[in-house]
Amino acid sequence: MKNILLFFLFSILPLQMSAQVGEHRSDFAIGVNGGYSLSNIGFVPKVSQGMLGGFTGGLSMRYVCEKYFSTICSVQAEVNYTQTGWKESILDDDDNPVINGATGLAEEYSRTINYVQVPVFAHLAWGREQRGAQFFFQIGPQFGYYLSESTKSNFEWSSRNMRDRINPVCAQDTMSVEHKFDYGIAAGIGIEYSVRRVGHFQLEARYYYGLGNIYGDTKRDYFAKSNLGSIVVKLAWLFDITRTKK
């Protein structure tokens with residue numbers, strides 16, 4: 001946690017330094033966002049996985065504090081409801097699906113974990129401020145709090161086919177999330193298009209790397225690592241509340 005806070009302070013430090021020499025701004029905008037998330041969990045021991053798809057969406061806020069030469073410096077934050085988790089790839093030695101003897105179907109298992117997530121970004125942009133397009137990059141810490149979880153499978157855990165599985169790790173299938181608080185680093189790139197009296201439209205691709213684990217990671221625990229990772233594509237619409245007269 002200490003490393004995250006230090007990283008965030010150093011991320012926004014250039015914004016504060018630029019306030020002494022750049023063009024002052026005091027633009028505040030709020031809006032909504034929504035998108036699609038692809039997630040997995042970095043398990044050690046390894047669990048064979050694909051990516052689990054889910055919804056993400058919520059509120060967006062941005063404060064533009066400075067224009068330093070051609071760089072528009074802002075702080076952008078969100079409060080989102082997000083579906084994350086993992087989807088297992090249950091395969092045999094030949095990369096074929098493992099068939100369950102009781103059902104005759106290829107075994108499938110996925111876990112959806114619902115969070116409230118709060119990313120806080122140092123937001124840097126280049127282009128037009130009020131009319132037209134700009135490119136942006138943003139990076140900063142993200143915090144999440146567990147809400148609920150659900151599983152989806154087509155077999156009984158007690159009758160799973162362990163004989164044919166190339167990856168025998170399956171303890172996670174019956175373990176509930178232990179650590180409710182999640183934290184990590186998020187970064188994204190995108191394009192924003194601004195229309196006068198309508199607002200700002202953002203299209204962004206973002207990656208999140210969790211620094212915490214969803215399960216215990218002591219020597220007595222099964223998993224040494226179980227951190228969340230996700231790729232997010234989202235749209236956002238923000239409208240101005242205050243805007244600096246230029």
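**Charged pairs and a nonpolar core**

Me: At 6% relative accessibility, does R25 count as buried or exposed?

Reply: Let's start with the number: R25 has 6% relative accessibility. Buried means under 20% relative accessible area, exposed means over 50%, and partly exposed lies in between (1.4 Å probe, protein chains only). R25 therefore counts as buried.

Me: What pLDDT do local features need in this model?

Reply: Residues are numbered from 1 along each chain as its sequence is written, and side-chain values use heavy atoms, with hydrogens and water left out. This is a predicted model, in which totals for chains, interfaces and linings use all residues, side-chain atom pairs count only at pLDDT 80 or more, and local features need pLDDT of at least 70.

Me: Which residue meets R25 in a salt bridge?

Reply: Side chains of opposite charge can pair when their charged atoms come close. A salt bridge is a side-chain nitrogen of Lys or Arg within 4 Å of a carboxyl oxygen of Asp or Glu. The partner counts as partly exposed, since its relative accessibility is 45%. At 3.2 Å from N to O, the side chain that R25 meets is that of E23.

Me: How many residues apart are R62 and E192?

Reply: R62 is buried, with a relative accessible area of 6%, and E192 is buried at 1%. Their closest N and O atoms are 2.5 Å apart, forming a salt bridge. R62 belongs to strand 3 (residues 52-68) and E192 to strand 7 (residues 181-195), where strands are DSSP runs of E, at least two residues, numbered from the N terminus. This pair links distant parts of the chain, and the separation is 130 residues.

Me: Why does the pair K234 and E78 tie together parts that are apart in sequence, and how many residues apart are they?

Reply: K234 and E78 form a salt bridge with closest N and O atoms 3.2 Å apart. Because K234 lies in strand 9 (residues 225-242) and E78 in strand 4 (residues 71-88), the parts that the pair ties together are apart in sequence by 156 residues.

Me: Which strand gives the most to the largest nonpolar core?

Reply: A nonpolar core is a set of buried Ala, Val, Leu, Ile, Met, Phe, Trp, Tyr and Cys residues joined through side-chain atoms within 4.5 Å. The largest one has 21 residues, and F43, W86, I113, I214, Y215 and F223 touch the most other members. Strand 1 (23-44) and strand 5 (109-127) are the elements that give two or more residues. With four residues, the element that gives the most is strand 5.
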